[in-house]
Amino acid sequence: MANLFKMDGEEEFLKGLEALNSNEQLHLRKAFGEFSLAAEKGHKEAIFQVGYMSLFCSPEIQQDILKAVDCFKSSAEAGLVIAKYYLAECYISGLGVEKNAKLAIELFEETLKCNYVWSADRLSDIYRYGVGVPCNKLKALEYNSYARQANLPYAEIKYLSLIQM
């Protein structure tokens with residue numbers, strides 16, 4: 001019986017994960033190569049990994065911000081929550097795209113609804129400091145409460161700072 005959950009590129013994706021977690025020299029390049037092969041076959045997690053590595057793994061992997069954004073968009077459209085989070089980061093900072101706080105906040109809120117709690121911390125900061133939106137202490141506190149409930153690092157310290165605003 002065929003595995004119904006196996007998607008095209010799964011073998012290459014697993015090889016990429018193995019390389020990523022190995023201690024061998026040049027493992028990032030090997031992982032990137034495997035993820036790229038899997039991404040060409042439409043593997044949504046591999047597409048995300050290619051984007052992530054294109055953004056964060058220099059100097060081993062040449063940084064390519066536009067490629068990263070395209071990968072985040074593609075894997076976010078396929079439903080990968082973490083890709084939506086990084087796409088939101090790109091929109092809030094204008095990294096490879098035009099700044100768009102409204103879209104970034106929508107994406108952060110979508111990921112929070114999927115229990116990606118790091119979005120709560122980010123939304124709290126956005127409203128605290130007025131990043132692309134007016135400062136809003138109540139919204140900052142609301143999102144900070146989610147971060148504190150999830151025991152995110154520094155959430156309690158940020159709370160103490162927020163209540164003194």
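Which residue follows H2, and what is the sign of its phi? Select Gly42 in this predicted model: this glycine comes after H2 and has a positive phi, near 90°.

**Stop one: helix H2**

From Gly42, step back to residues 27-40, the 14 residues of helix H2, whose first and last C-alpha atoms lie 20 Å apart, close to the 20 Å expected at 1.5 Å a residue. Colour Leu28, Ala31, Phe32, Glu34, Phe35, Ser36, Ala38 and Ala39, which are the buried residues of H2. To see what covers these buried residues, display helix H1 (10-20), helix H3 (44-56) and helix H4 (65-77), which are included in that cover. Keep Ala39 selected and add Val50, Cys57 and Ile61, since these four are among the members of a core of 15 residues, separate from the largest one.

**Stop two: the aromatic rings**

Now show the aromatic side chains, among which there are 13 aromatic pairs. Begin with Phe48 and Tyr86, a tilted pair with 5.8 Å from centre to centre and 45° between the planes. This pair links helix H3, where Phe48 lies, to helix H5 (residues 81-93), where Tyr86 lies, across 38 residues of the chain. Phe48 counts as buried because its relative accessible area, 6%, falls under the 20% cut-off, and Tyr86 is buried as well, at 17% relative accessibility.

Move next to Tyr127 and Tyr143, a pair that is stacked, with 6.0 Å between the centres and 15° between the planes. Here the connection runs from helix H7 (residues 118-129), which holds Tyr127, to helix H8 (residues 137-149), which holds Tyr143, the two being 16 residues apart. Tyr127 is buried at 8% relative accessibility, and Tyr143 is buried with a relative accessible area of 8%.

Return to Phe48 and extend the selection to Tyr52, Phe56, Phe72, Tyr85, Tyr86, Phe108 and Tyr116, which ring pairs link with Phe48 into a cluster. For a ring with a charge over it, centre the view on Tyr159, where the charged end of Arg148 sits 3.9 Å from the ring centre.

**Stop three: the largest nonpolar core**

Finally, select Phe72, Leu87, Phe108, Leu123 and Tyr127, which touch the most other members of the largest nonpolar core, a set of 34 residues. The elements giving two or more residues to this core are H3, H4, H5, helix H6 (101-113), H7, H8 and helix H9 (155-163), and the largest share, eight residues, comes from H5. Around Phe108, leaving aside neighbours within four places in sequence, show its contacts Tyr85, Ala88, Glu89, Ile92, Ser119, Arg122, Leu123 and Ile126.

Notes:
Residues are numbered from 1 along each chain as its sequence is written. This is a predicted model: local features need pLDDT of at least 70, side-chain atom pairs count only at pLDDT 80 or more; totals for chains, interfaces and linings use all residues. Side-chain values use heavy atoms; hydrogens and water are left out. Helices (H or I, at least four residues) and strands (E, at least two) are DSSP runs, numbered from the N terminus. The expected span of a helix is 1.5 Å times one less than its number of residues. Buried means under 20% relative accessible area, exposed over 50%, partly exposed in between (1.4 Å probe, protein chains only). Contact means heavy atoms within 4.5 Å. Rings of Phe, Tyr and Trp (its six-membered ring) pair if their centres lie within 6.5 Å; planes under 30 degrees apart count as stacked, over 60 as edge-to-face and the rest as tilted. A charge sits over a ring if NZ of Lys or CZ of Arg is within 6 Å of the ring centre and within 35 degrees of the ring normal. A nonpolar core is a set of buried Ala, Val, Leu, Ile, Met, Phe, Trp, Tyr and Cys residues joined through side-chain atoms within 4.5 Å.
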